[in-house]
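Welcome! Here are some short exercises to work through, each with a solution in steps. Have a look at the sequence and the structure before you begin.

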Amino acid sequence: MKILVIGGAGYIGSHVARAFLDRGYEVTVFDNLQSGFRENLFVDARFVHGDIMRPEQLRAVMAEGFDGCVHLAALKSAGHSMLVPERYSEANITGTINLLNQALAAGISPVIFSSSAAIFGNPHYQPIDENHPKEPENYYGFTKLEIERILEWYDRLKGLRFAAIRYFNAAGYDTQGRVKGLELNPDNLLPIVMEVAAGLRPKLSIFGDDYPTRDGSCVRDYVHVSDLAEAHVTAFEYILKHNKSITVNLGSETGVSVFEMVERVRAITGRPILAEVTGRRAGDPAELVASSSKARELLGWVPKQSDVDTLVRSTWQNYLKFVTP
Ligand code: UFG
């Protein structure tokens, strides 16, 4: 089976490409390398340098014929999306429409789409299941929700089958160390804590300790990126078997606070981590925890590597190279 992984050189995309390769699929990665890394390209996958903003480049690669496509090429900083929404409209909405229209023309279905828990906005209840109200608080989340809606229409009108996979907080690295690219100027908690542990940045700012949570810091649902990647393969196989689209929330269903995460990183790395509590970050809900029962029931998906220790250890192995003896 041949799979096209668009955005397959990025952090999540490279783990997804690896998961398909490990299951014996023939994988082509299509990426503009804007936020993806050459070092994330695997020798057993084919690479096409291309951009979803260029429909002719999509047409050329898709003409080769694929049994399905995974779409992970997007801008993903929630904060940034509020400053330059027009860039997010182009990259995330126009780019995805280009991709879907070319997939339709080439007869490529299903499309597995990277969606996000950002579509839900401030939680009305916990854990967050698929039916939770969709009220994105940032433009990034809005773009993901728009694409989910387009996918539903294309399914109805054109028979394009899709999986919309809503990630909670993706974290960790391939435990075998096969993914090496580290995100530059990361926005997310774990890579930032790792940079402090490795001596690449002086300290961590903890955004608030006065939330109504067990220790006052925000609680999130961290899910290992290889567990997420696995779900893409399973969702693809589910659609082939049932000829039915599927939308699922994916998280570990376990809440971890910022203080708890920092403590585990201290314990595992043995490094002091200077942390200072600063004010709350705008738009941060106190707690976000997924219900993944639908993924469990329909896909048999069970996270295997999403415990905090595996998340921390697998990330630390990539940051160790920066530590001077
Ligand atoms: N945090 C800090 N200090 C930092 C960075 C983060 O205290 O320097 C805290 C945040 O306040 C938050 C937690 O760590 O409470 C996690 O923050 P991240 O920025 O890593 O992740 P978010 O929960 O804000 O968002 C992430 C993705 C989104 C996605 C969302 C889904 O970045 O794209 O998870 O749950 F939509």
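**Exercise 1. Polar partners of the ligand**

In this predicted model, find how far an oxygen atom of the ligand is from an N or O atom in the side chain of arginine 220.

*Solution.*
- Start at arginine 220: a side-chain N or O atom of this residue is 2.8 Å from a ligand oxygen atom.
- Go on to asparagine 169, where the distance from a side-chain N or O atom to an oxygen atom of the ligand is 2.7 Å.
- Then take arginine 281, which has a polar side-chain atom 2.8 Å from an oxygen atom of the ligand.
- Finally, look at the cover: on its own the ligand has 690 Å² of accessible area, and the protein covers 88% of that.

**Exercise 2. The shell around the ligand**

Work out which residues come nearest to the ligand, and which element gives the most to the shell.

*Solution.*
- There are 22 residues around the ligand, and Ser116, Asn169, Ser205, Arg281 and Asp284 come nearest.
- Sort the shell by class: 14 residues are nonpolar, four are polar and four are charged.
- Now look at the elements. At least two shell residues come from each of helix H6 (189–197), strand E8 (204–207) and strand E9 (219–224).
- Strand E8 gives the most, with four residues.

**Exercise 3. Two domains**

Explain why the ligand lies between the domains.

*Solution.*
- First find the parts: domain 1 covers 2–171 + 223–250, while domain 2 covers 189–221 + 253–290 + 305–317.
- The centres of the two domains, taken over C-alpha atoms, are separated by 27 Å.
- Their contact takes 13 residues from domain 1 and 13 residues from domain 2.
- Both domains give residues to the shell around the ligand, so the ligand lies between them.

**Exercise 4. Two residues of helix H1**

Decide whether serine 14 is buried or exposed, then do likewise for alanine 17.

*Solution.*
- Serine 14 is in helix H1 (residues 11–22), and alanine 17 is in helix H1 too.
- Buried means under 20% relative accessible area. Serine 14 has 0%, so it is buried.
- Alanine 17 also has a value of 0%, so it is buried.
- Beyond neighbours within four places in sequence, serine 14 is in contact with Gly8, Ala9, Asn40, Phe42 and Val179.
- With such neighbours again left aside, the contacts of alanine 17 are Val5, Gly8, Val27, Val29 and Phe42.
- For a sense of distance, the C-alpha atoms of alanine 17 and aspartate 284 are 31 Å apart, with their positions 267 residues apart in sequence counted as separation.

**Exercise 5. A serine in a strand**

Find which side chain makes a polar contact with the side chain of serine 114.

*Solution.*
- Locate serine 114 in strand E5 (residues 111–116).
- Its relative accessibility is 5%, so serine 114 counts as buried.
- The polar contact of its side chain is with the side chain of tyrosine 167, at 2.8 Å.
- Leaving out residues up to four places away in sequence, serine 114 touches His71, Leu72, Lys144, Ile165 and Tyr167.

**Exercise 6. Backbone details in loops**

Find where proline 110 sits, and which residue a cis peptide bond joins to it.

*Solution.*
- Proline 110 sits in the loop between helix H4 (85–106) and E5.
- The cis peptide bond joins serine 109 to proline 110, with omega about 5°.
- Lastly, visit asparagine 185, in the loop between strand E7 (169–171) and H6. Its phi is positive, about 45°, although asparagine 185 is not a glycine.

Notes. Residues numbered from 1 in each chain as written. Predicted model: local features only at pLDDT ≥ 70, side-chain atom pairs only at ≥ 80, totals over all residues. Heavy atoms only, no water. Near = heavy atom within 4 Å. Polar contact = N/O pair within 3.5 Å; in protein donor to acceptor, adjacent residues only side chain to side chain. Areas by Shrake-Rupley, 256 points an atom, 1.4 Å probe, with all protein chains shown as cover. Nonpolar A, V, L, I, M, F, W, Y, C, P; charged D, E, K, R; others polar. Domains from an automatic or database assignment. Buried < 20%, exposed > 50% of the residue type's maximum accessible area, 1.4 Å probe, protein only. Contact = heavy atoms within 4.5 Å.
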